[in-house]
Amino acid sequence: MKASKANAFLIFFLFILPNLIHSFDYHQALSISLLYFESQRSGHLPYNQRLTWRHHSGLADGLRQGVDLVGGYYDAGDNVKFGLPMAFTVTMLSWGVIEYGQQIQAAGEYTHALEAIKWGTDYFIKAHPHPNVFWAQVGDGATDHYCWQRPEDMTTSRRAYKIDENNPGSDVAGETAAAMAAAAIVFSRTNPHYSHLLLHHAQELFEFGDKYRGKYDESIEVVKGYYSSVSGYMDELLWGAIWLYKASGREEYFKYVMENGMNFGGISWAINEFSWDVKYAGLQILASMLPVEEKHKEHKFILEAYRSKAEYYICSCLNKNKDNSTNLKRTPGGLLYTRKWNNLQYVTTAAFLLTLYSDHLQASNQRLKCDQLQVDPQELLTLAKSQVDYILGANPMAMSYLVGFGPRYPQRVHHRGASMESIKENGAFIGCVQGYDNWYGRVDRNPNVLMGAVVGGPNEKDEFYDERSNYMQTEACTYNTAPLVGVFAKLNQLEYETINIRLPPNVEF
């Protein structure tokens, strides 16, 4: 055997083959993650609905209030349409497409990604019938949780709740403005008319939220206990403004982010979580990636302050902040751990921000600064990949927390529609309490697989109990899966490049 041939074999077996054996099918993960959003659809389902165990639901939403609120997404395993987490879901889906659209397109999932975004933005347009009115919720968590019903059978309250000049909600207005602005960027090439429409609504919503300031859970009290805005509304106003700047290029939005950075917490709050409620880390990452143009030199100090706070978040994920108490905890199996209820929502957002910032540092030929340490961009991507791989099955339970992926995944997801025979299989009406009596308590696996859902995940000891009643671990949410769409596409691209490494032309096997 020639030396070159022997070396080629050695390279393949020592370096390439182990990666192939221990890698995951990120293409499949991407595909089913987008399928999940079809299970969460409310309204009249389209002809090309791929997830066939769902059917039309909520077709009279808004009727009593004289507004068309048919459509949108159910947030999790219940049948309420909560505006704040729905908007964050759409923002993250859009951000993923903005950053990794080429990779999503190469994987053949671009159309499905745009459909997932548009299902949300079409609803937001309906929910914003006047400049200073936004319908922020349909349904009532208390009455909804009293029943266990398929969305197609709902008998619970479908009362709709709005914010307006007398009942402000700057947080939900700001987040929805961010979602529509981000989506406007997504559709700018393929559907410019729709993009302009979204940007118009985003600008009106932001102006409304900024002019009439207040927390939405003080105007819509029924949301308390479900999606209270603990962080307040200042992060969402900054978040909405920076997305409007990216979408429109208008300097007024840039100045808003700069001038309110201190008072609104953008450059004064160092945060180690990013979620539907707390937007600071995402805002700080976005601001730190803005180019310091000649016209922005007067704001260089503020931009550097945003970057400092962004890197605090990244360093806390990497466990490299000097003050160890500010670093994110990890389970024995290596999973980032924030809190016991639906911990994976914080893991998926971290994976996205780590991947994005790694790409930014790589493209700008920079390194991360964690106190006195210099960190290579690859280390960020390595951590992001480790978190994704943990979710996909590289964990002490050997359990995929992406439902439908791999040989072992949660079978008893806390989800009304998935836990009961579909209306197409069993056309009989299932009553409010009947669902609890006949379906909720069953030890059998769910009759319908909630493909692409990311459940709450394991506890701090890497333990997971696959029980329908264990909603802290087995309930899935749209904002758990949304950040992974872009990350799956990125990892799929890297995997493809690894597999297609070309050996020198003079080497033959």
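Here is a conversation between a student and a tutor about a predicted model of a protein.

Student: How many helices and strands does the protein have?

Tutor: Let's start with the overall picture of this predicted model. Along its principal axes, the C-alpha trace of the protein spans about 80 × 60 × 45 Å. Counting its elements gives 19 helices and seven strands.

Student: What radius of gyration does the protein have, and what would a compact globule have?

Tutor: Good one to think through! The chain has 509 residues, and for that number a compact globule would have a radius of gyration near 23 Å. The protein agrees with this, as its own value is 23 Å.

Student: What percentage of the residues count as buried?

Tutor: A residue counts as buried when its relative accessible area is under 20%. The accessible surface of the whole protein comes to about 20700 Å², and 52% of that belongs to carbon and sulfur atoms. Of the 509 residues, the buried share is 59%.

Student: In what order do the three strands of the open sheet lie, and which strands stand at its edges?

Tutor: The three strands pair in an antiparallel way, in the order 1-2-3. Strand 1 (81–82) and strand 3 (160–163) each have a single partner strand, so one side of each is left without a neighbour in the sheet. The order is therefore 1-2-3, and the edges are strand 1 and strand 3.

Student: Which residue of strand 2 is the bridge partner of Lys81?

Tutor: Look at where strand 1 runs antiparallel to strand 2 (residues 134–138). Two bridges join these strands. In strand 2, the bridge partner of Lys81 is Val138.

Student: Which residues touch the most other members of the largest nonpolar core?

Tutor: A general idea helps here: in soluble globular proteins, nonpolar side chains tend to be buried together. In this model the largest nonpolar core holds 153 residues. Helix 6 (residues 170–187) gives the most to this core, with twelve residues. The members that touch the most others are Trp95 and Leu368.

Student: Leaving out residues up to four places away in sequence, which cysteine does Leu368 touch?

Tutor: Leu368 has quite a list of contacts, including Glu311, Ile314, Leu318, Tyr357 and Leu361. Further along the chain, the list also includes Leu373, Gln374, Val375 and Leu380. The cysteine in that list is Cys315.

Student: How many disulfides does the structure hold, and what pattern do they follow?

Tutor: Remember that a disulfide is a covalent bond between the sulfur atoms of two cysteines. The structure holds two of them. One joins Cys147 to Cys432, and the other is formed by Cys315 and Cys370. With bonded cysteines counted along the chain, the pattern is 1-4, 2-3.

Student: How many residues apart are Cys147 and Cys432?

Tutor: Cys147 lies in the loop between helix 5 (141–146) and strand 3, while Cys432 is in helix 16 (residues 432–440). Both are buried, Cys147 with a relative accessible area of 6% and Cys432 at 14%. The pair links distant parts of the chain, 285 residues apart.

Student: Is the disulfide of Cys315 and Cys370 left-handed or right-handed?

Tutor: The sulfur atoms of Cys315 and Cys370 are 2.0 Å apart. The bond links helix 12 (residues 300–318) to strand 6 (residues 368–370). The torsion about the S-S bond is about -90°, so this disulfide is left-handed.

Student: Why is Cys477 not bonded to Cys317?

Tutor: Cys477 is buried, with a relative accessible area of 5%. Its closest cysteine sulfur is in Cys317, but two sulfur atoms must be within 2.5 Å to count as a disulfide. The two sulfurs are too far apart for a bond, at 20 Å.

Student: Is Ala398 buried, partly exposed or exposed?

Tutor: Ala398 is found in the loop between helix 14 (377–392) and helix 15 (416–419). It has a positive phi of about 50° although it is not a glycine. Its relative accessible area is 47%, and values between 20% and 50% count as partly exposed. Ala398 is therefore partly exposed.

Student: What is the relative accessibility of Asp462?

Tutor: Asp462 is another residue with a positive phi, near 70°, and is not a glycine. Asp462 is found in the loop between helix 16 and helix 17 (471–474). This residue counts as buried, with a relative accessibility of 3%.

Terms used: Residues are numbered from 1 along each chain as its sequence is written. Side-chain values use heavy atoms; hydrogens and water are left out. Two strands pair if DSSP finds at least two bridges between them. Helices (H or I, at least four residues) and strands (E, at least two) are DSSP runs, numbered from the N terminus. A nonpolar core is a set of buried Ala, Val, Leu, Ile, Met, Phe, Trp, Tyr and Cys residues joined through side-chain atoms within 4.5 Å. Buried means under 20% relative accessible area, exposed over 50%, partly exposed in between (1.4 Å probe, protein chains only). Contact means heavy atoms within 4.5 Å. The radius of gyration is taken over C-alpha atoms; the globule rule is 2.2 Å times the number of residues to the power 0.38. Accessible areas come from the Shrake-Rupley method with a 1.4 Å probe; for residues, only the protein chains shown count as cover.
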